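Let's take a stroll through a protein model together. Have the picture open while you read.

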Amino acid sequence: MFISDVHLGSKAAKAEFLIDFLRHHDADIIYLVGDIVDGWRLRRSWHWPQSHNDVIQKLLRKARKGASITYIAGNHDEFARQFQGVHFGGIVVADRAIHDTADGKRLLVIHGDQFDTVVHNARWLAYLGDYAYDAAMLLNGVITRLRQVLGLPYWSFSSWAKVKVKKAVNFIGSFQTVLTEEARRSHVDGVICGHIHHAAIESYEDMQYINTGDWVESCTAVVEHFDGRMEILHWAHVLPETPVGSEVLVPIDIKGRAVQAA
């Protein structure tokens, strides 16, 4: 299971959604592909409700039960990069990793911010963009609450805008190209990353590009099936009929079968 861009510590984080997802899905190997904790926002103002703590406790519980969990540091939690190789409650911290799939492929697992020129060459612009992103998330929250009142399923305005705005589409395309080139230089078969909050599974000639998405907009994760096949899972599809706060949940596994909640 591959999860990224949860942004715990920010008001936009969909912690309750992720808790539902983790309750209904399990894996022997879990990669947290960066920006799990949002250090940028925590430095501006402290925001850490119980649900954010519950996400951490849920992951630690999975580690205690035997799951191998690797925490790949991102730009929002770059403080973690100083702890590479250190174990915290069974979770090991790394800057990048190589994952061997069930069908014999080797995939580079990396957050991806290392190849974002704005993050590294114009830090002030990255911070400015972060404030603008907060404003977009506020609008997203209003739309989400309105759709809940109307009985409609979860839908992300910001994710929809990304595939409609030309500059955003061009940036996503460039990011995918750069990451697949890094995978080629690393002599692997593809890359699994996060960072841009846009879930995708694409093929670039002999390289596979996989982006896990995020848990502030699209609420997606990537899972590997027992045969090595990769799939994007959407929280909204896991619980399509159940609004947040409802008492009745119908958990399903990655094959769509009903399971008992952990």
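Below we look at a sheet, a serine and the nonpolar cores of this predicted model.

## The open sheet

Start with the strands. An open sheet is built from 5 of them, lined up as β6-β7-β8-β10-β9, and the pairing is mixed. The edges belong to β6 (96–100) and β9 (200–204); each has a single partner strand, so one side of each has no neighbour in the sheet. On average, and ignoring direction, neighbouring strands here are turned by 20° against each other.

Now zoom in on one pair. Strands β8 (residues 190–193) and β10 (residues 207–211) run in the parallel sense, paired over 4 bridges. If you want a spot to click on, try Ile192, whose bridge partner in β10 is Ile210.

## A tucked-away serine

Is Ser10 buried or exposed? Ser10 is buried, because its relative accessible area is 3%, which is under the 20% cut-off. You'll find Ser10 in the loop between β1 (2–3) and α1 (15–24).

The side chain of Ser10 reaches the backbone oxygen of His7 at 2.8 Å. Leaving out residues up to four places away in sequence, Ser10 touches Asp38, Arg41, His47 and His52.

## The nonpolar cores

The largest nonpolar core has 34 residues, and Met1, Ile3, Leu32 and Trp215 touch the most other members. Several elements give two or more residues to this core, including β2 (29–33), α3 (50–64) and β11 (220–224). The largest share, 6 residues, comes from α1.

Apart from this core lies another one, of 13 residues, with Leu108, Phe175, Leu179 and Ala200 among them.

Methods: Residues are numbered from 1 along each chain as its sequence is written. This is a predicted model: local features need pLDDT of at least 70, side-chain atom pairs count only at pLDDT 80 or more; totals for chains, interfaces and linings use all residues. Side-chain values use heavy atoms; hydrogens and water are left out. Two strands pair if DSSP finds at least two bridges between them. Axes are lines fitted to C-alpha atoms, for helices over the stretch in contact, and angles run from 0 to 180 degrees between N-to-C directions. Buried means under 20% relative accessible area, exposed over 50%, partly exposed in between (1.4 Å probe, protein chains only). A polar contact is a pair of N or O atoms within 3.5 Å; within protein, one must be able to donate a hydrogen and the other to accept it, and residues adjacent in sequence count only if both atoms are side-chain atoms. Contact means heavy atoms within 4.5 Å. A nonpolar core is a set of buried Ala, Val, Leu, Ile, Met, Phe, Trp, Tyr and Cys residues joined through side-chain atoms within 4.5 Å.
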